[in-house]
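Here is a set of short questions and answers on how the labels for this protein are earned. Each answer sets a value against its cut-off.

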Amino acid sequence: MKVKLPDGYKPSEKEPFMNENQLEYFRRKLTAWKEELLGEAEKTLNNFGSVDLSSSDLIDRAAAETAVAEDMKTRSRQMKLVGEIDHALHKIENGNYGYCEESGEPIGVQRLEARPIASLSVDEQTKRERLAKTSGITTFKPFGDADD
C-alpha cells in the first residue's frame, strides 16, 4: 500500500507515533540518503580511473596516494552508513522502526529527524556513553548510532 504524504509533511509529536505518514516520511528520507551516498561512491570510483599514481615526482605521487586513501576511507564510512540505512529500512518494513532496541520505548520524532538511523532512545544512548566512559570502553558503539 502506497502512502501519499501531504505536501510539506513533517512528522509531529502531536500525532500518533510511527503512524503510516511518519513511516513513509522516514522511508523516503532514508532511501534518498542511501541513493545520495551510493551516487557519491560511484563518482569516487569513476574518479579513481583518472588518478595517476605512477608519477616519477615523489611529492606528486605521495599527494595522489594520500588523496586516494582519504577517498577510500570516506567511502568505507559511507558504505557502513548504507548498511545502517538498510537496517533502518528493514525495521520500517517489519514494524520496529522508531523504537529503542534496548528498552522498546519510542525513540522520538525529533531524534529520528536528526538521526534517522538511531536505534536507541536518548536515555539508552546516554546510559551506554556513561558506561563506556566509566569503564574505559571506547570502541563500543551501538549499530545505527555509530559516528564513523
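Q: What does buried mean here, and what do exposed and partly exposed mean?
A: Buried means under 20% relative accessible area, exposed means over 50%, and partly exposed is in between. The model is predicted.

Q: Why is Phe-26 called buried?
A: Its relative accessible area is 0%. The cut-off is under 20%, so Phe-26 is buried.

Q: What makes Tyr-97 count as buried?
A: Tyr-97 has 2% relative accessibility. Buried means under 20%, so the label fits Tyr-97.

Q: How many helices and strands does the protein have, and what pattern does it follow?
A: There are four helices and zero strands. Along the sequence the pattern reads α-α-α-α. Of the 148 residues, 33% are buried.

Q: How many aromatic pairs does a search of the whole structure find?
A: It finds four. One of them joins Phe-17 and Tyr-99.

Q: Why is the pair of Phe-17 and Tyr-99 called edge-to-face?
A: The ring centres are 5.2 Å apart, and centres within 6.5 Å make a pair. The planes stand at 90°. Over 60 degrees counts as edge-to-face, so the pair of Phe-17 and Tyr-99 earns that name.

Q: Which parts does the pair of Phe-17 and Tyr-99 tie together?
A: Phe-17 sits in the segment before α1 (20–48). Tyr-99 sits in the loop between α2 (58–94) and α3 (109–114). The pair therefore ties together parts 82 residues apart in sequence.

Q: Why do Phe-17 and Tyr-99 count as partly exposed?
A: Phe-17 has a relative accessible area of 22%, and Tyr-99 has 28%. Partly exposed lies between 20% and 50%, so both Phe-17 and Tyr-99 take that label.

Q: What makes the pair of Phe-26 and Tyr-97 tilted?
A: The centres of the Phe-26 and Tyr-97 rings are 5.6 Å apart, and the planes are at 50°. Stacked needs under 30 degrees and edge-to-face over 60. The pair of Phe-26 and Tyr-97 meets neither, so it is tilted.

Q: Where do Phe-26 and Tyr-97 lie?
A: Phe-26 lies in helix α1, and Tyr-97 in the loop between α2 and α3. The pair ties together parts that are 71 residues apart in sequence. Ring pairs also link Phe-26 and Tyr-97 with Tyr-9 and Tyr-25 into a cluster.

Q: Which residues touch the most other members of the largest nonpolar core?
A: They are Phe-26, Leu-30, Ile-85, Ile-92, Tyr-97, Leu-112 and Ile-117, out of 21 residues in that core. α1 and α2 each supply at least two residues of the core. The largest share, six residues, comes from α2.

Q: How do you know that the span of α2 is close to the expected one?
A: α2 has 37 residues and reaches 54 Å from its first C-alpha to its last. The span expected at 1.5 Å a residue is 54 Å. Among the buried residues of α2 are Val-68, Leu-81, Ile-85 and Ile-92. Just after α2, Gly-95 takes a positive phi of about 85°.

Q: Is Gln-22 buried or exposed?
A: Gln-22, in helix α1, has 0% relative accessibility. That is under 20%, so Gln-22 is buried.

Q: What makes the approach of Gln-22 to Ser-12 a polar contact?
A: The Gln-22 side chain reaches the backbone oxygen of Ser-12 at 3.2 Å. The limit is 3.5 Å. A polar atom of the Gln-22 side chain also lies 2.6 Å from the backbone nitrogen of Met-18.

Q: What is the phi of Met-18, and where does Met-18 lie?
A: Met-18 has a positive phi of about 55° although it is not a glycine. Met-18 lies in the segment before α1. At 10% relative accessibility, Met-18 counts as buried.

Q: Why is Asp-123 called exposed?
A: Asp-123 has 58% relative accessibility. Exposed means over 50%, so Asp-123 qualifies. Asp-123 is in helix α4 (residues 122–135). From C-alpha to C-alpha, Asp-123 and Cys-100 are 9.6 Å apart in space, and 23 residues apart in sequence.

Technical notes
Residues are numbered from 1 along each chain as its sequence is written. This is a predicted model: local features need pLDDT of at least 70, side-chain atom pairs count only at pLDDT 80 or more; totals for chains, interfaces and linings use all residues. Side-chain values use heavy atoms; hydrogens and water are left out. Rings of Phe, Tyr and Trp (its six-membered ring) pair if their centres lie within 6.5 Å; planes under 30 degrees apart count as stacked, over 60 as edge-to-face and the rest as tilted. Buried means under 20% relative accessible area, exposed over 50%, partly exposed in between (1.4 Å probe, protein chains only). A nonpolar core is a set of buried Ala, Val, Leu, Ile, Met, Phe, Trp, Tyr and Cys residues joined through side-chain atoms within 4.5 Å. A polar contact is a pair of N or O atoms within 3.5 Å; within protein, one must be able to donate a hydrogen and the other to accept it, and residues adjacent in sequence count only if both atoms are side-chain atoms. The expected span of a helix is 1.5 Å times one less than its number of residues.
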